Amino acid sequence: MKLLRWAWMVGGITVLPLVALAGPIFGGRDKQPVPQWGLDAYKTRTPDYAKDAASVILYDDYLETVDAQGRAVEREREAIRILKPQGRNRVCGVSHDVDEKINYFRAWTIGADEKQYQAQEADFIEEGDTGVPIMLSTNKYRVVHPPAVDVGAVVICESEEVLKPYIQEAVWRIQSDVPFVYEAMEVDLPAGRNYAEGWHRFKGVKPVEVSPNHWRWEIKDMPGLTLRDVPSSPELAVLLARMTVQWGSAAVPGTDNQWRAIGQWVTTLEANRPDPSPEITAKVQQLIAGAPDFYTKLSRITQSIQKDIRYFVVMRGIGGLQANKASDIYRNRYGDCKDKTTLLISMLQVAGIHAFYVPVDHRRGMVDPEDPSLVGDHMITAIEIPADVHDARLKAVVEGSNGKRYLIFDPTDERTPVGNLPSNEQGGFGTLAAGSSSQVLSLPVLAPEANGTERKGAFTLAADGTLGGSMDTVHSGPEGGDFRSFLKYSDEKQRHDAWERMVTRDVPGAVLESFNVVEPDALDLPLEFHYKLKAGDYARKAGPLLLVRPRVIGSVAIPFNDKPRTVPIDLTATGHWHDSYDIALPDGYVVDEMPDPVNLDTDFASYHSTISAKDKMLHYERDYTVKKVELPAEKQADFRHLEGAILSDERSTVVLKKQ
Amino acid sequence: MQVRRCLYVLVAFATFLFPAALFAQFAPPTAEELSMTSEPKAPGAAAIYLYREETVDDNLHYHSFFARIKVLTEKGKELATQSVPYAKGYNTITDVKARTIHSDGTVIPLDVKPSDLVEAKVGTLQVNKVVFTLPSVEVGSILEFKWALRYDDNQVSSPDWDLAQPYFVRKAHYSFKPYKNLADITVNDEPAGKLLYSGMLPPGVEVKEEPLSSLCTLDLTDLAPIPEEEYMPPIGSYIAQVQFYYTRFSNKDEFWQNAGNKWSKQMDHFASESKGIKDAVAGIVAPGDSDEVKAHKLYDAIMKLDNTDYTRRKSKEELKRAGLRQTKTAEDVWKQKSGSSDEIALLYLAMARSVGIKAYAIVVCDRDREIFNPYYMSMRQLDDVLVIVRIGDKEQFLDPGKKFATFGELDWRHSLVGGIRQQDKGTAIWTTPSNNYKAAVTYRFADVTVDKEGTIKGSARVSMVGPSALHWRQMALQNDEDEVKKNFNESLKGMVPDGVTAELDHFLGLETYNSQLMAMVKLSGNIGASTGKRAFLPGVFFESRAKHPFVTMEKRTTIVDMHYAEVVQDDVTYHVPDNFVVESAPAETSVPWAGHAGFTLKSQTDKNAIHVSRSFLRGFAMVQPAEYAALRDFYQKIQTADQQQIVLKAAPADAAKDASAKAAPGN
């Protein structure tokens, strides 16, 4: 759908321009000179360590002024020097939602020629959060593109915003992809209010009390961090240092107490949201009727939510954090992660099972037990397991500090079965929001058996190099879940194209002759994918030789390089992958040479591969197991050795010779 | 998709009012609609439009929209969320109604107020989106929704009908009631008086006009979805659509003559002769220079200017402080040594004319964005200004607004595109020439020494002329050289074999435009695979990882647009250890495609060196679907050739040593 054209007017009447909106001042109408702090920041010399950066933040200063009710007004002052042409893309911006108000937002530039300019109203742009089709968000972002932003110029911005009344913490992002020369955070609290601080990936600095209950933290020379050319790394946001300061109920001593308070706050926020409606009660009773055990009861409920509730995000002010009511979610059959958790808690409540909200982040490592905060972008569920239930199908189990066992489950993931957990959530942390029992939970890392793929191939090689045959693959756990999700959100053409792309990555020019997916209704049963393919010139002729790569389809290699690294290695998922391929050789050819077997075992993974030939059949078999989801950077040598061996094995060649 | 381009004149006679509020009403679905699980005419579709209706009445100042969608798979549920963009302050969205009907007939109405969200706001211009999501959507559900867009009594808005949709359309009805008194309508401050439409219509589909009421309607059935294929041209220019116009013109020729003349005057005004321009060119060309030399010298001069499309346009305040005025003429551009692409092109036009060269402006589409449609009577489809110079008896198309474009070569986005040009008398619709493959050449040389373990050391040189050189040079305008290097290294990763690291050492000619751009590259890493007595090297060093297009896709419905014709020439030398002999090297291969393209691959062994040379020539930028089979065959054969390997065999003594080493305990 597109906007209509607006070029024509009736009877020559000119359309009047919109009346200028009354409201906050965004520059232009309140002409002001560059403030003294900006002039001072401008004088800061560009440090040597910033020479490779596109820009450098010379000065970044936050002031949070908190009123008696705990509501903050945030002032930010920032000065950025543009060091390279691409540094011009760095802009100042203020994000704001329906519960917030920008008091002012001004920007200036001191040009490379030292002339000073102030941004005018036309230099400010407001962007809505409307780019995601499955999201309804009222959040907006106001950015400024001030004049004279050339290499050497310094952009100076100042804004003040009244923040959401219900958020009583500030997250100070002290690191970015470009360096900071100087940065500071001040929190001005009313008498009697306490604060608590937490640091993520930084040792922390002590604050100074600049006036009664007014605290200031300062950091100098924070290096920038980029992950360009650092393969297999966690996401940048996870690795960037930050500090959180609390001044609400979580401003208590000790991280355990802080997490408890945060969990308590979430519990209160979502209180009564899961109350079941008569329709929910009836549905649950219908679902669990005759269920022989806890797992069956559970899986019937979770699968009903996974199947029937469409994912749709509603982020309207506090609605970004507070779920809709279970009755509405059930009636509308849509909701986001917190809604799906709400409905699950509601349905489990009807079934007599206790369950709790667990705020998390989809990026492993983003939630840091040392930095209690609301940082996170996702909500999952902790399901209390009755003491007498011991079922091997319940794999994603953690034990709380209260001794209770909780099954961690993500109802938003529409295809990973209850008992298992999406790989990206394994090994992270979440807040168990269980009232006074709230705590930070270490999310489990599942055993390799809980995830993986089994591939079997039977092929025939012709003397002209053409390979034809069939593949049977079985996908279980989160990997099976990913496959099911792809099936769910693609049409037939997209599937065919995607699979053909997948096959041609390994077998160039391959054509999928047929494919068939066996997708059992029960999510805990593996998904099967069967297909037939044909590829001309798979084996390359080289004089009297025919060169065949016995590893026909599928790669388990993880990107790596030889450069020294300081950031952890993300192995993505634990799991077990097994390939077994038979290739019937063409008449008149015999195996002349074969690569050696590969046998590698480390504490985080193992890889074994063999090639054998018997009669006219070539057989390739490999077994790959990953036991950890992340490695410290110090393990890079072992990681490289493993990946090098895998890569070499994957491209190894068998030489056939004409008899 | 078969569509025809057309333009029709509609004359409004009637003056009576259109009946109000002819909005489509929700009607009960048929039993077949409720029970259907697939559409035989759209196999595998995730959803289809059972019915679409758009109604526009400019007398009542509204557009209304109605749709009935059948959800056939889980993916089809994505249509449950609808968003309606509109210009806040000019339009309002009203009467949003929606409901979901389950396959058992249960109706669930939308009872949540739609959200009105800001999409973007700059100054007083604001675009919003009204967003709503239908409740309780299941596979098998029918989704029905409607809304109206209203505008002020002093406005009219003739519609654009996008007939083709991402999903199959079983049936659609469109109607448009034009404003009753066309004489009251002004377009660009001129009275209109007529209503026209242009369109690209599927066979058998037409716009019907009721003579008395002047109501225009269109009905269609079974319209295929918008295709999705690799290397498509801007598809929006090829799909079924209709555009209505209030205009004072009777036909396209009249429109383009008038619009062209107006545009031409603006060009001439901007590029008008002035003392400043005369003085400038006097300092650039010499009196004895030929027209050709003058044209080149002027081109060199304007290429040195700051092209603000690649940097930044100065604000009014900056110009004021610098004592400069807003750019209004070519002379201003020269004085400021800065201008947009179009302004610099027009400066070149002014300068060329000033030295006596016949020169004309031409404004064209950007082929990356859309294809010029002369039946679509709008100058807004034309994006960029080029210049045509006559040197001797030959006209040459120049792209002076494209920073670093070689003299005489158009950016591919400006080649093979339509537009309006100036002529000695008036203007004309024109098409720009295609690029010459000889002017789009990439040479890749590599000299690689391989040791026994497959470890390599070596160097490569990538020389570029034409579009690829332009790409990196323009990137260097918006980024520093280090950033361009990083990007180039990332592009090299897809070019060299697995295990090889290619690191750019330096560029030559990055900041100029009239020479080749050369990238000097260092190679290292490990190449190929080995067994006990053999080692294998990729036969085609630079293409061993290439994924050639079209190889798997059997059928094609749209034109193939590969942007530009080109030549890629590779020469690679492998030096292998003395104790290896070459057992096999790539066979000589030739893949001709007469009149279109050609490919050759040769290898030569010389003691311990293997030379492989590969030549790829594609003489076309675009290919019709009818030629797709030949295109696919060409690429399939190239893919086969590129997969070849070099087999090295260890001399007998070494092979024996390796074999005994392998047999040793602990290995």
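**Note on the predicted complex of chains A and B**

1. Start with a hairpin in chain B. Within it, Gly419(B) of strand 23 has Trp430(B) in strand 24 as its bridge partner. Strand 23 covers residues 418-422 and strand 24 covers residues 427-431. Five bridges join the two, and they run antiparallel. Four residues lie between the strands of this hairpin. Gly426(B) takes a positive phi there, near 75°.

2. Keep in mind that this is a predicted model. For the complex, the predictor gives an ipTM of 0.89 and a pTM of 0.91. Each chain also has its own confidence figures, taken up in the last two points.

3. How many residues does each chain bring to the contact? Chain B brings 102 residues and chain A brings 80 residues. Lys75(B), Asn154(B) and Arg321(B) supply 7% of the area that chain B buries against chain A. No other three residues supply more. The area buried between the two chains is about 8000 Å². Carbon and sulfur atoms give 53% of that area.

4. Charged and polar pairs also cross the interface. The rule finds ten salt bridges between chain B and chain A. Glu490(B) forms a salt bridge with Arg228(A). The closest N and O atoms of that pair are 3.0 Å apart. Polar contact is found for 29 residue pairs across the interface, with both residues at pLDDT 80 or more.

5. Which element gives the most to the side of chain B that touches chain A? Strand 7 of chain B, residues 115-122, does so, with seven residues. By class, that side of chain B has 38 nonpolar, 33 polar and 31 charged residues.

6. Strand pairing also links the chains. Strand 7 of chain A, residues 124-128, is joined to strand 7 of chain B by three bridges. The two strands run antiparallel. One place to look is Glu126(A), whose bridge partner in strand 7 of chain B is Lys121(B). In general, strands of a sheet pair through backbone hydrogen bonds, either parallel or antiparallel.

7. Now follow strand 7 of chain A into its own chain. Five bridges join strand 7 of chain A to strand 9 of chain A, running antiparallel. Glu126(A) appears again here, opposite Arg142(A) in strand 9. Strand 9, residues 140-144, also runs antiparallel to strand 4 of chain A, residues 92-96, with five bridges between them. In that pairing, Val94(A) stands opposite Arg142(A). Arg142(A) is thus a useful residue to locate: Glu126(A) stands opposite this residue, and Val94(A) does too.

8. Chain B also holds an open sheet of four strands. Their order is 29-30-38-33, with antiparallel pairing. Why is one side of strand 29 and of strand 33 left without a neighbour in the sheet? Strand 29 (529-530) and strand 33 (580-584) stand at the edges and have a single partner strand each, so one side of each has no neighbour in the sheet.

9. Within that sheet, look at strand 30, residues 534-538, and strand 38, residues 645-650. Five bridges join them, and they run antiparallel. Pro538(B) stands opposite Gln645(B) in strand 38.

10. Confidence in chain A comes next. The mean pLDDT of chain A is 92, and 95% of its residues reach 70 or more. Residues 1-28 of chain A have a pLDDT below 50. Beyond near neighbours in sequence, this stretch has 79 contacts in the model.

11. Chain B has a mean pLDDT of 91, with 94% of its residues at 70 or more. Its residues 1-23 have a pLDDT below 50, and this stretch has 87 contacts beyond near neighbours in sequence. Residues 658-667 of chain B also stay under 50. For residues 658-667 the model has seven contacts beyond four places in sequence.

Methods:
Residues numbered from 1 in each chain as written. Chains lettered and ligands numbered in written order. Predicted model: local features only at pLDDT ≥ 70, side-chain atom pairs only at ≥ 80, totals over all residues. Heavy atoms only, no water. Contact = heavy atoms within 4.5 Å. Buried area = accessible area lost by both parts, 1.4 Å probe. Salt bridge = Lys/Arg side-chain N within 4 Å of Asp/Glu carboxyl O. Polar contact = N/O pair within 3.5 Å; in protein donor to acceptor, adjacent residues only side chain to side chain. Nonpolar A, V, L, I, M, F, W, Y, C, P; charged D, E, K, R; others polar. Pairing = 2+ DSSP bridges. pLDDT = per-residue confidence, 0-100.
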